[in-house]
Amino acid sequence: MAGQGTPRKRRACCPAKPKQNKTGAMARRVIDLADEAQTARLAARIAAAARTRDTIALSGPLGSGKTSFARAFIRSLGNGDEDVPSPTFTLVQTYEFPGRPTVWHFDLYRLEAADEIYELGIEEAWADGICLIEWPERIAALLPRDRLDIALAAGEQPQQRRATVTGPARWDAVLDG
Ligand SMILES: Nc1ncnc2c1ncn2[C@@H]1O[C@H](COP(=O)(O)OP(=O)(O)OP(=O)(O)O)[C@@H](O)[C@H]1O
Ligand SMILES: [Mg+2]
């Protein structure tokens with residue numbers, strides 16, 4: 001007879017809960033972007049649905065389009081002609097739009113240690129802003145679990161990109177739109 005404490009016995013008396021992480025079901029899409037205008041349209045759709053405390057992690061190699069995505073995201077919330085420099089050296093830029101949470105645009109490529117992120121105001125950003133983070137790998141262990149991940153990769157043609165987008169289920173409808 002199997003003794004108490006074997007996996008078989010435990011399963012019989014205490015059925016395991018269905019596997020689900022804290023954020024519940026996830027949305028996942030692989031989206032081919034034919035050109036920069038399509039990247040901008042995806043960014044605008046995500047911007048329209050973004051709300052306070054959202055983090056959007058933009059990963060991908062140099063030149064994959066992280067800043068282009070962030071710029072289109074920010075401009076879609078404004079007049080469309082906002083100056084949106086790459087925060088390569090400042091590491092963060094913020095943008096205010098009436099009636100909207102502040103948008104914090106981080107580029108962490110030059111961050112030397114993950115905890116330097118606190119000097120850049122990340123706690124305020126996470127408390128009541130929307131965060132766009134380029135090079136999120138630099139603070140991997142600190143990222144919120146309910147973030148939207150957008151991984152950009154090259155396509156077959158120079159103007160093409162492939163975006164792999166993963167996040168909480170509420171993004172499903174946005175990504176299908
Ligand atoms: N479909 C596309 N989506 C986004 N950018 C595109 C696309 N096609 C061409 N590009 C071009 O690719 C370049 C992307 O540069 P961008 O600065 O956004 O990259 P990045 O990922 O932010 O790089 P870095 O890691 O240096 O910050 C721009 O010159 C942009 O015009
Ligand atoms: Mg960039």
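# Reading the labels in this model

Modeller: Start with Arg53, which sits in the loop between H2 and S2. The model is predicted.

Colleague: Why is Arg53 called partly exposed?

Modeller: Arg53 has 15 C-beta neighbours inside 10 Å. A buried residue needs 20 or more and an exposed one has 12 or fewer, so a count of 15 falls in between.

Colleague: What makes the phi of Arg53 worth a remark?

Modeller: Most residues other than glycine have a negative phi. Arg53 is not a glycine, yet its phi is positive, at about 75°. Leu91 is another case, with a positive phi of about 70°, and it lies in the loop between H3 and S3.

Colleague: Why is Leu91 called partly exposed?

Modeller: Leu91 has 19 other C-beta atoms within 10 Å. Buried starts at 20, so Leu91 remains partly exposed.

Colleague: Why is Tyr95 called buried?

Modeller: Tyr95 has 21 other C-beta atoms within 10 Å, and the cut-off is 20 or more, so Tyr95 is buried. This residue belongs to strand S3.

Colleague: Which residues does Tyr95 touch, leaving out those up to four places away in sequence?

Modeller: Tyr95 touches Ile74, Glu82, Thr102, Val103 and His105. Contact here means C-beta atoms within 7 Å. As for Leu77, its C-alpha is 9.6 Å from that of Tyr95, and the two are 18 residues apart in sequence.

Colleague: What makes H3 mostly covered?

Modeller: Nine of the 12 residues of H3 are buried. Among them are Phe69, Phe73, Ile74 and Leu77. The buried residues of H3 pack against H2 and against strands S2, S3, S4, S5 and S6.

Colleague: How does the reach of H3 compare with what is expected?

Modeller: From first C-alpha to last, H3 reaches 17 Å. The expected span is 1.5 Å times one less than the number of residues. For the 12 residues of H3 that comes to 16 Å, and the 17 Å of the model is close to this.

Colleague: Which helices give two or more residues to the shell around ligand 1, and which gives the most?

Modeller: The shell around ligand 1 has 18 residues, of which Thr39, Gly65, Lys66, Thr67 and Ser68 come nearest. The elements giving two or more residues are H2 (36-49) and H3 (66-77). H3 gives the most, with three.

Colleague: How do the residues of that shell around ligand 1 divide by type?

Modeller: Two are nonpolar, 10 are polar and six are charged. Glycine is counted among the polar residues, so Gly65, one of the nearest, falls in that class. Lysine is counted as charged, so Lys66 goes there.

Colleague: How do you know that S1 and S7 pair?

Modeller: Two strands pair if there are at least two bridges between them. Eight bridges join S1 (residues 26-33) to S7 (residues 161-168), which run antiparallel. The pairing therefore meets the definition. Along it, Ile31 stands opposite Ala163.

Colleague: What links S6 to S7?

Modeller: S6 (residues 148-154) pairs with S7 over six bridges, also in the antiparallel sense. Ala153 stands opposite Arg162 there. A hairpin through six residues joins the two strands.

Colleague: What makes the pairing in the sheet mixed?

Modeller: S4 and S5 run parallel, joined by six bridges, whereas S1 and S7 run antiparallel. In the pairing of S4 with S5, Asp107 has Glu134 as its bridge partner.

Colleague: Why are S1 and S3 called edges?

Modeller: The open sheet has seven strands in the order S1-S7-S6-S2-S5-S4-S3. S1 and S3 each have a single partner strand, so one side of each is left without a neighbour in the sheet. Neighbouring strands are turned by 15° against each other on average, direction ignored.

Colleague: Where do H2 and H3 lie relative to these strands?

Modeller: H2 lies across S1, S2 and S7, at about 155° to S1. H3 packs on the sheet, touching S2, S3, S4, S5 and S6, and its direction makes about 160° with that of S5.

Colleague: How many helices and strands are there in the chain?

Modeller: The chain has five helices and seven strands, and 29% of its 177 residues are buried.

How values were computed: Residues numbered from 1 in each chain as written. Chains lettered and ligands numbered in written order. Predicted model: local features only at pLDDT ≥ 70, side-chain atom pairs only at ≥ 80, totals over all residues. Helix = DSSP H or I, 4+ residues; strand = E, 2+ residues; numbered from the N terminus. Near = placed C-beta within 6 Å. Contact = placed C-beta atoms within 7 Å. Axes fitted to C-alpha atoms, helices over the stretch in contact; angles between N-to-C directions.
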